[in-house]
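Q: Could you go through this structure with me? I'd like to talk about its charged side chains and its internal space.

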Amino acid sequence: MTSTSFFRDLLSTISDRGRTLVDLGRGRQGSGEDPVALGHRLVSGQGEASGVALAATLLAAYREQPDAGKDAFFAALADGFGADPDALAQAAERYLEGRQPEDAATLHRLAEPRRQELLRRLNLAPGGTAALVDMRRDLLRRLKAHPEFPIVDRDFEHLFTSWFNRGFLVLRRIDWQTPAAILEKIIRYEAVHEIGGWEDLRRRIDPPDRRLYAFFHPALVDEPLIFVEVALTAGIPEAIGPILADKRRPLAQGKASTAVFYSISNCQAGLRGISFGNFLIKQVVEELTREMPALRTFVTLSPVPGFRRWLTSNAERGTLPGGKASAGAAAILDTPGWQEDEATRNALRSALMPLAAQYFLHAKTADGRPIDPVARFHLGNGARLERINWFADTGDSGLAASAGIMVNYLYDTAAIEANHEAYANERTVVAAAGIRKLARAVPASGPALQSA
């Protein structure tokens, strides 16, 4: 951290000197400046010191903009910071005439949108990387309303993929000795199973059978990018309740055979679509294996965020596997208190578990991927769909999203690459035989279940 602080101080000094050179030190930094005009000045060519100062001023000016001003800024990036079409056409003609390497290099350089160079120069400002991550967060919120903005996002994503590649990421274990500022962010960023304050956090990171690991980037000091919570257990768990229980007894040292990844949270909205999770899980597996060679099984206990939505939409269209019987089961889920009645739960288990298997194996997007986002993530990483667990998450969010169903994905280190290739090349959902058998248990038709 000392070297990072030194580097940031150095950039701040350069920025201060450059600001003096270009007379940008008028009161509050960025006040009254037009970020679009500053962007044109920045990419038109400045000295290094003055360029850093100009970049800092532009970022400050952008932050001061109201929503309409930010819309205008992104619109200008889309329309006024692309490649020069005339220069590009001339370069293409020269290359097609001579097919010379130097002409190809020129063509490549001129084809790059000026937006990318602008973003690179903005990144030189003190705190520039964090500011650009926040800027992309603003941009992502606007994509649906502005069909011209995705072209700008592609440039952000292109550059972020390089700036946040695995070589720059630092894995750190988070424990009770970690600075409080980071622990507070872990509580805030947890996106799967809410952390109910400091004591709850301590139960997740302090006992010897619990771990939490996070990726950090040198340019985002003390800002986790993504983290995973791990429970060390004596077997594959069927429910989240025992893992999160506040009065559970920690597993004795040396008794763990299984590492359970039960929560993975992305922390930076502006880095959406930049993949960290596959690296994180694989590196954590390596860390745990070195620390505890007796660990043999690596699994998740994962939510199923889209299952209820899939049930409802297919029931309304009359396309739910199992016909009226399945539609009746889906309707019961809308009855308040259904989860309190054991007979109802048992009837629903018989009806919904085969439907869940159908959901994982056959519910696909237009491009052939599973519609479940968590499934896409783990199958793409090379995991196998191992087991579907009934009534595994009885919290309000779990019942609302999946009728309490959770799943285990198995990371078999000997099969990860083969599973990944099968999914990447053929969109194959690698699943245990029991899940395929369960999917065949959906009745072709039958009497509708009635709501209680």
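Q: Is arginine 137 buried, partly exposed or exposed, and why?
A: This is a predicted model, and in it arginine 137 counts as partly exposed because its relative accessibility is 29%.

Q: And which side chain does arginine 137 meet in a salt bridge?
A: The side chain of arginine 137 meets that of aspartate 138, with an N to O distance of 3.8 Å. Aspartate 138 counts as buried because its relative accessibility is 6%, and buried means under 20%.

Q: What about arginine 202, which residue is its salt-bridge partner?
A: Arginine 202 pairs with aspartate 206, and their closest N and O atoms are 3.1 Å apart. Arginine 202 counts as partly exposed at 33% relative accessibility, and aspartate 206 also counts as partly exposed, at 35%.

Q: Which residues are joined into one network by salt bridges that share partners?
A: That network joins Lys70, Asp134, Arg137, Asp138 and Arg141, while the structure as a whole holds 24 salt bridges.

Q: Changing topic, how many cavities of 30 Å³ or more are there?
A: There is 1 cavity of that size, and the largest cavity holds about 60 Å³ of space. Its lining divides into 4 nonpolar residues, no polar ones and 5 charged ones.

Q: Which helix gives the largest share of that lining?
A: Helix H11 does, with 3 residues. The residues lining the largest cavity include Asp200 and Arg204, whose side chains meet in a salt bridge at 3.4 Å, N to O. Aspartate 200 and arginine 204 both lie in H11, 4 residues or about one turn of the helix apart, and both are buried.

Terms used
Residues are numbered from 1 along each chain as its sequence is written. This is a predicted model: local features need pLDDT of at least 70, side-chain atom pairs count only at pLDDT 80 or more; totals for chains, interfaces and linings use all residues. Side-chain values use heavy atoms; hydrogens and water are left out. On a 1 Å grid over the protein atoms alone, a cavity is a set of points where a 1.4 Å probe fits but cannot get out, and a pocket is an open set with protein on both sides within 12 Å along at least five of seven lines; lining residues have an atom within 4 Å of a point. Grid points are joined across faces, edges and corners, and a volume is the space filled by probe spheres set on the points. Helices (H or I, at least four residues) and strands (E, at least two) are DSSP runs, numbered from the N terminus. Ala, Val, Leu, Ile, Met, Phe, Trp, Tyr, Cys and Pro count as nonpolar, Asp, Glu, Lys and Arg as charged, and the others, Gly among them, as polar. A salt bridge is a side-chain nitrogen of Lys or Arg within 4 Å of a carboxyl oxygen of Asp or Glu. Buried means under 20% relative accessible area, exposed over 50%, partly exposed in between (1.4 Å probe, protein chains only).
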